[in-house]
Amino acid sequence: MKIKEIEQVKCYHCDSLCEQETLHYDDKVFCCVGCKTVYEILSDNGLCTYYDFNDGTNLKAKNFQGKYDFLSNETICSSLLDYNSQNLAKVTLFIPDVHCSSCVWLLENFQKIKEGILTSRLNFIQKRLFVSYDPQKVTLKEIVELLATLGYPPSISFGSVKANEPKQNHSILLKIGVTGFCFGNIMLLSFPEYFKLDLQNAVDAQYQKFFLYLNFLLALPVFFYGASDYLKGAWISIKENWKKTTNVLSVDIPIAMGITALFIRSTYETFIEQTSGYWDSLAGLVLFLLVGKWMQQVTYKYLSFEHDYKSYFPLAVKTKDGEFKNISELQQGEIVEIKHQELIPADSTVISGNALVDYSFVTGESAPIEVQEGESIYAGGRQLGTQIDIRIEKPVSKSYLTELWNNEAFKKEKSSRTSHFANIFAKYFTYIAIGIALITGIYWKINNPELMWRTVTAVLMVACPCALTLALPFAMNAAMSILGKNKFFVKNQGIIPLLAEIDTIAFDKTGTLTEGHTGQIAYHGQELNIEELKWVKSLTSQSLHPLSKLLTAHIPEATYSVSNFKEIRGHGIMGKVEGHALRLGSASFLQVKDREPGQVWIEVDGVIKGYYQIETKYRKNWDGVLNRLSQYYDLRLISGDGDRDKRVLAPYFSDMRFQLKPQDKLSYIQALDGRKVLMIGDGLNDAGALRQAHVGVALSEDINAFSPSCDIILDAEGFGKLGKFLSFSKASMLVVRAAFALSILYNFIGLGLATSGYLSPLYAAVFMPLSSMSVVLFAVGSTYLFAKIKKLI
């Protein structure tokens, strides 16, 4: 018996540890395709220094046997371009294999190795390459083939097509800029008032009056432009309530009342009493509100939480007539060709050839299914055998897989108890504020008319939920930032209150509790030499079966071309490598008597060599995570895989379901009526359940790779902190509630002073922004304090 271990070595090119993969070339070891390719280019061109890449290298692309021929179709090509003219075209390509600094260097020097490419810029975080080129000199197909030759094949899918989406709204940033400019200048022009300067000189006094009017002019864009969203929101809310289309008063109403009271009172004091008014307080308040609103809109824009089937399906397929067609245009009855390892685009019937289909992409079950001529084949399956011809039976939008996205779960909006409470609070707060202002005005009209307008304006200026309006987005943004640094990426601020309400957690198994691309592997039998290892890896690299993937990643050798490859459902694979016949698979496939589960036997030229013993590898400390979570939450397991690990998992779950289809998972979550379910999964087959759940978490080995539609993306490295993340979300909501209580306290004190006549509009104008600032500082500071207690920072 021999256990083969891979030692960690450093990359010859970039000197990084080879953690993810190990490639061998020219008796040297490389950590990724990028480093290996850079070395090859430098070596082939006789370049002895790292950055001496000469223009015009003009490397030739490999022959991809028609894989990218669909890019020769002008209509398909145009749908991918960001910009297209006679001499300039721009395209954005997703490059999933970007790995290290060598990849960045190579891709950003891409224009130097092909004439016609004008610029090449890489966003390393998003793994997106922005290429500008001259379509008269080079085509998109040539660019893609050259990238694939260099080891960076772009991911081009149905979802890559440019949609007519509205441009990103930058108006709030413009409002912040305008308001900030006005606020700074108003404060500068108010310095004589701040220092109570006695201006005896007539000229100085004239300038002071000029500054008063100039402050008024600067306040106009603040009120009519900067605060326009709050004024419009208040007006719309009043109209809808008047028409009885809703009975919820927007929180914009008391905010608009406070801002309007400040504006009217300041205008009166500037033009009637010839005093400075409260223009600085008005501008400062609007600026704080706009910054809080902007922070509320901020999210992790380099991650996508809304992937659907379009992100996974091929962009085009080849019809029987030899033309390439966008899959959205496929009609019932059309015949298309599907080659080895290509995805089935729509529900169809096999009319030529025998299909061996891997549905793990859709169902989670790893065993491939054999489909004969005349039988049905479903969208999302991957063909593992030779080329087949299929007849389209349903359009892509109506296929089995895409029906998942027609479910109501993908249309509903998620809301938390906190947002519901905020709506109720806004409604009654508005009524109470208006009522107090009216009662105050009536009281002072009767008892001391001179104090009536002073007290009414002070009440309206103080009675503003600005502190709460600011505290929530600032606290949630701080929480999102802390969670993000721990590789727990939340879609938006509204998800954290939902996360704090969770009482049940449903787990997928494969790729969630277990590691997706690794396993415990030990080799038993006659030792394999280097050549034989290369033959084995060459054969396993042709298969998408999870065990084949594990062996391919485990064997650190180069590969050869394979002929006569065949994969037999549930048994094994076979083919010829360098003239040698190889078979890999189960003991029954190779007719071996002594066998145990998890064995992959190897036969070379009719001789049994030995077997790999493969055990499922669970994530680090997975049992500890489940033990801690089970103390506070009801844990469920819903998996598309078989129940071979049922005995191991049973102690941690109150209910376990296996061999579930995507719709079954969605229905299971739906049946947990009244429960607040957190669903954690990793595959497209979990998409419906992720959307149906109160909160959906997509666990990913690569956060930039396509993930199913979800609310949160969790990097696999952060799985061990799952309990801390949930606990921290609850702590964050405690902070918001405390900030809410503090805001109410400020309003109670301020209203008491304002109604009694002791709080002048001047002090009210100062009190309101100071109370807001203090609540914001409390919320953010407390959030970071809890994060430190939870050891997240």
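# A walk through the predicted model

Start by selecting strands S7 (residues 316-319) and S8: they run antiparallel and are joined by three bridges. Strands here are DSSP E runs of at least two residues, helices are H or I runs of at least four, and both are numbered from the N terminus. Two strands count as paired if DSSP finds at least two bridges between them. Before moving on, a note on what you are looking at: this is a predicted model, where local features need pLDDT of at least 70, side-chain atom pairs count only at pLDDT 80 or more, and totals for chains, interfaces and linings use all residues. Residues are numbered from 1 along each chain as its sequence is written, and side-chain values use heavy atoms, with hydrogens and water left out.

**Stop 1: the antiparallel sheet**

Still on S7, click Ala316, which stands opposite Asn326 in S8. Now widen the selection to the open sheet of six strands, ordered S8-S7-S9-S15-S10-S13, with antiparallel pairing. The edges are S8 (324-326) and S13 (376-377), each of which pairs on one side only.

**Stop 2: a buried strand with parallel neighbours**

Jump to S27 (residues 695-700). Six of its six residues are buried, so the strand is largely enclosed by the rest of the structure. Buried means under 20% relative accessible area, exposed means over 50%, and partly exposed is in between, using a 1.4 Å probe and protein chains only. In a regular strand, side chains alternate between the two faces of the sheet. Show the side chains of S27: Val695, Val697 and Leu699 point one way, while Gly696, Ala698 and Ser700 point the other way.

Add S26 (residues 677-681), which pairs with S27 in the parallel sense over four bridges. Look for Leu678, whose bridge partner in S27 is Val695. Then add S28 (residues 712-715), also parallel to S27 over four bridges. Here Ser700 has Asp715 in S28 as its bridge partner.

**Stop 3: the nonpolar cores**

Leu678 is worth keeping on screen. Among the 52 residues of the largest nonpolar core, Phe488, Ile505, Phe507, Leu513, Leu629, Phe653 and Leu678 touch the most other members. (Such a core is a set of buried Ala, Val, Leu, Ile, Met, Phe, Trp, Tyr and Cys residues joined through side-chain atoms within 4.5 Å.) Helix H22 (residues 722-756) gives the most to this core, with eight residues.

What does Phe488 touch, leaving out residues up to four places away in sequence? Select Leu483, Leu499, Ile712, Ile713, Leu714, Leu722 and Phe725 to see these neighbours; a contact means heavy atoms within 4.5 Å. Apart from this core lies another, of 45 residues, including Ile176, Trp279, Val286 and Val459.

**Stop 4: helix H16**

Select H16 (residues 530-540). Nine of its 11 residues are buried, so the helix is largely enclosed by the rest of the structure. Lys534 and Lys537 are among the buried ones, as is Glu532. At the start of H16, a side-chain oxygen of Asn529 comes to within 3.1 Å of the backbone nitrogen of Glu531.

**Stop 5: rings**

Searching the whole structure turns up 17 aromatic pairs. The rings of Phe, Tyr and Trp (its six-membered ring) pair if their centres lie within 6.5 Å; planes under 30 degrees apart are stacked, over 60 edge-to-face, and the rest tilted. Try Phe224 and Phe263, an edge-to-face pair at 5.9 Å centre to centre and 80° between the planes. Phe224 is in H7 (residues 202-226) and Phe263 in H9 (residues 252-271), so the pair ties together parts 39 residues apart in sequence. Buried or exposed: where does Phe224 fall? At 54% relative accessibility, Phe224 counts as exposed, whereas Phe263 is buried at 11%.

Next, Tyr523 and Tyr612 make a tilted pair, 5.1 Å centre to centre with 55° between the planes. Tyr523 sits in S18 (residues 514-525) and Tyr612 in S23 (residues 607-618), so this pair ties together parts 89 residues apart in sequence. Tyr523 is buried at 6% relative accessible area, and Tyr612 is buried at 1%.

For a wider view, colour the aromatic cluster of Tyr213, Phe216, Phe223, Phe224, Phe263, Phe271 and Trp279.

**Last stop: Cys77**

Finish at Cys77 in helix H2 (residues 74-80). Cys77 counts as buried, at 13% relative accessibility. Leaving out residues up to four places away in sequence, Cys77 touches Leu71 and Leu140. Draw a C-alpha to C-alpha distance from Cys77 to Lys141: they are 64 residues apart in sequence and 8.5 Å apart in space.

Methods: Polar contact = N/O pair within 3.5 Å; in protein donor to acceptor, adjacent residues only side chain to side chain.
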